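These are my notebook entries on helix packing, salt bridges and two individual residues. The entries follow the order in which I looked things up.

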Amino acid sequence: MVTVVVGTQWGDEGKGKIIDYLAGGMDIIARYQGGGNAGHTVVLEDKKYIFHLVPSGILYPDKICVIGNGVVVDPVSLFEEIDGLEKNGISVEDRLFIAENAHMTLPYHKILDQIEDRFRGKGALGTTGRGIGTTYADKFNRIGIRVVDFLEEDVFMEKLKIALELKNYLFREYYKEEMLSPERIYEETKIYRGRIKKMVRDVHRYLNEEIEDGKDILAEGAQGTFLDIDFGTYPYVTASNCIAGGACTGLGISPKKISRIIGVAKSYTTRVGMGPFPTELNNSEGDFLRKAGGEYGATTGRPRRCGWFDAVLTRFAASVNGLDELVMTKLDVLTGIEKIKIAVAYEFDGRRYKEYPFNTKVFLHCDIVYEEMDGWSEDISAIRSYSKLPVNARRYIERIEEILNVSIRMVSVGSSREQIIVR
Ligand code: IMP
């Protein structure tokens, strides 16, 4: 059985914690898109782990973790992470596999990502600078380098030369930056070849065989629905399909094999980087959420923009992902707020929008129709049963369920593995 976990906002919904929680009942945890831009946080025994490329199930010593073909793999970031885990006594040997057809993020992708975002001027996206968009651009431009190409020294060198041809022209003539030599990149990356070789597998075949065998697989999404390249707030998005459908193309499994789709939503909304954000709070309430929620980027450390829960967005996420259920995270952060708001519609130019509008003009300049709910003041972080939650907290959850028409089956009330209420 395959279960997909997907973000329903702009990423940072707390997927890492939920995946870690669910991984206990799974055999395999497989990442299907994104790359080192992700920052999935898991807290175990008071120790905080941040995963960028390694799937969030790795803390269970008996689980197999897989990096699918939809992921872009930066070997520097990957081995930094693996070495960090091994220092903490967590071995990935014989249980972390990489798809041979995943594309590789190489030094020039990262350099170009940072330069390109600077050159966008007013249109800067505020990318993570991890070379994500530039790696996917090469993939779609058919000049990318896959893991399987990297393993063959002569093929790698030939492809490097092709990939660098136009880039070096741009570096020299337009960006006025130093050119990159294929030989140097070849030399700098060769230390990873032997290590990667041991992890490479034909992941799609492996997963399909395991599915046939009745194994439980958790497909781990990174970022979130509104950072999806097709359905997000384009162009302020990442470069991959974060939505549940991405699990099929990013792992090589048929849509027929997916049995359960779980969305993760924070009890309020956050966003890192540029782009429209209708319910953003540029005031003391936003500051309160940032402080109480520790809202600073797990990958870049940037302060996250904070705002009210936007049910217009999550309703769309429920539909485009086909959510079976929702997990609400960080409910504890709302404790102490007297009046909590939920966005239920947008208004622009005399028209009411209950659906997420693709028109950027509407999304940028709309007025928000809010519903206001009474808050609660009790500390809820030690509560483990739904009925013990303050009545106003339950009302908040149940109102969101009603608006989205999706059940909220789990509520997270803190960062550690145990701080979860399962209904
Ligand atoms: P990129 O993915 O580095 O190209 O960045 C594109 C946009 O997606 C920027 O606004 C980033 O801040 C945002 N982004 C990328 N990865 C994440 C994530 O894991 N969580 C939240 N935002 C992200």
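**Entry 1. H3 against H6**

I began with the handedness of the H3 and H6 pair, and found that H3 passes H6 in a left-handed crossing. The model I am reading is a predicted one. Helix H3 covers residues 107-119, and its axis lies 12 Å from that of H6, at an angle of about 35°. I then listed the residues in contact. H3 contributes Tyr108, Ile111, Leu112, Ile115 and Phe119. From H6 come Leu160, Ala163, Leu164, Lys167, Phe171 and Tyr174. Sorting this contact by class, I noted ten nonpolar residues, one charged residue and no polar residue.

**Entry 2. H3 against H4**

I next looked up how H3 meets helix H4, which spans residues 132-140. The two axes come within 7 Å and cross at roughly 115°. H3 and H4 are therefore recorded as roughly perpendicular to each other; the class runs from 65 to 115 degrees. The crossing of H3 past H4 is right-handed. On the H3 side I recorded Tyr108, His109, Leu112, Asp113 and Glu116. Their partners in H4 are Ile132, Thr134, Thr135 and Asp138. By class, I entered three nonpolar, three polar and three charged residues for the contact of H3 with H4. Tyr108 and Leu112 of H3 appear in the contact with H6 and again in the contact with H4.

**Entry 3. H6 against H7**

Helix H6 runs over residues 153-174 and helix H7 over residues 182-189. Their axes come within 9 Å and cross at roughly 135°. That angle makes H6 oblique to H7. I recorded the crossing of H6 and H7 as right-handed. In H6 the contact is made by Glu153, Phe156, Met157, Leu160, Lys161 and Leu164. H7 supplies Pro182, Glu183, Ile185, Tyr186 and Thr189. I classified the residues of the H6 and H7 contact as seven nonpolar, one polar and three charged. Leu160 and Leu164 of H6 had already been listed in the contact with H3, and both are listed here with H7.

**Entry 4. Salt bridges**

I searched the whole structure for salt bridges and obtained 30. I then examined several individually.

Within helix H7, Glu188 pairs with Arg184, and the closest N and O atoms are 3.1 Å apart. The two residues are four apart in H7, about one turn of the helix. Is Arg184 buried or exposed? I found Arg184 exposed, at a relative accessible area of 53%. Glu188 has 40% relative accessibility and counts as partly exposed.

The side chains of Lys15 and Glu13 also meet in a salt bridge, at 2.7 Å from N to O. I entered both Lys15 and Glu13 as buried.

I turned to Glu295, which forms a salt bridge with Lys330 at 2.9 Å between the closest N and O atoms. Which parts of the chain does this pair tie together? Glu295 lies in the loop between helix H11 (284-293) and strand E13 (305-307), whereas Lys330 lies in the loop between strand E15 (325-329) and strand E16 (339-348). The pair thus ties together parts that are 35 residues apart in sequence. Glu295 is buried, with 0% relative accessibility, and Lys330 is partly exposed, with a relative accessible area of 22%. I also noted that Glu295 and Lys330 belong to a network of salt bridges that links them with Asp12, Lys266 and Arg304.

**Entry 5. Gly307**

I located Gly307 in strand E13. Its relative accessibility is 0%, so Gly307 counts as buried. Leu281 is 26 residues from Gly307 along the chain, yet their C-alpha atoms are separated by 4.8 Å. Not counting residues up to four places away in sequence, Gly307 touches Leu281 together with Tyr268, Thr269, Phe277, Thr279, Glu280 and Leu289.

**Entry 6. Ser77**

Lastly I looked up Ser77, which is found in helix H2 (residues 75-87). At 10% relative accessibility, Ser77 counts as buried, because the class takes in values under 20%. Which residues is Ser77 in contact with, leaving aside its neighbours within four places in sequence? I recorded Gly36, His52, Leu53 and Arg130.

Technical notes:
Residues numbered from 1 in each chain as written. Predicted model: local features only at pLDDT ≥ 70, side-chain atom pairs only at ≥ 80, totals over all residues. Heavy atoms only, no water. Axes fitted to C-alpha atoms, helices over the stretch in contact; angles between N-to-C directions. Parallel < 35°, antiparallel > 145°, perpendicular 65-115°, else oblique. Left-handed = near helix turned anticlockwise from the far one by under 90°. Contact = heavy atoms within 4.5 Å. Nonpolar A, V, L, I, M, F, W, Y, C, P; charged D, E, K, R; others polar. Salt bridge = Lys/Arg side-chain N within 4 Å of Asp/Glu carboxyl O. Buried < 20%, exposed > 50% of the residue type's maximum accessible area, 1.4 Å probe, protein only.
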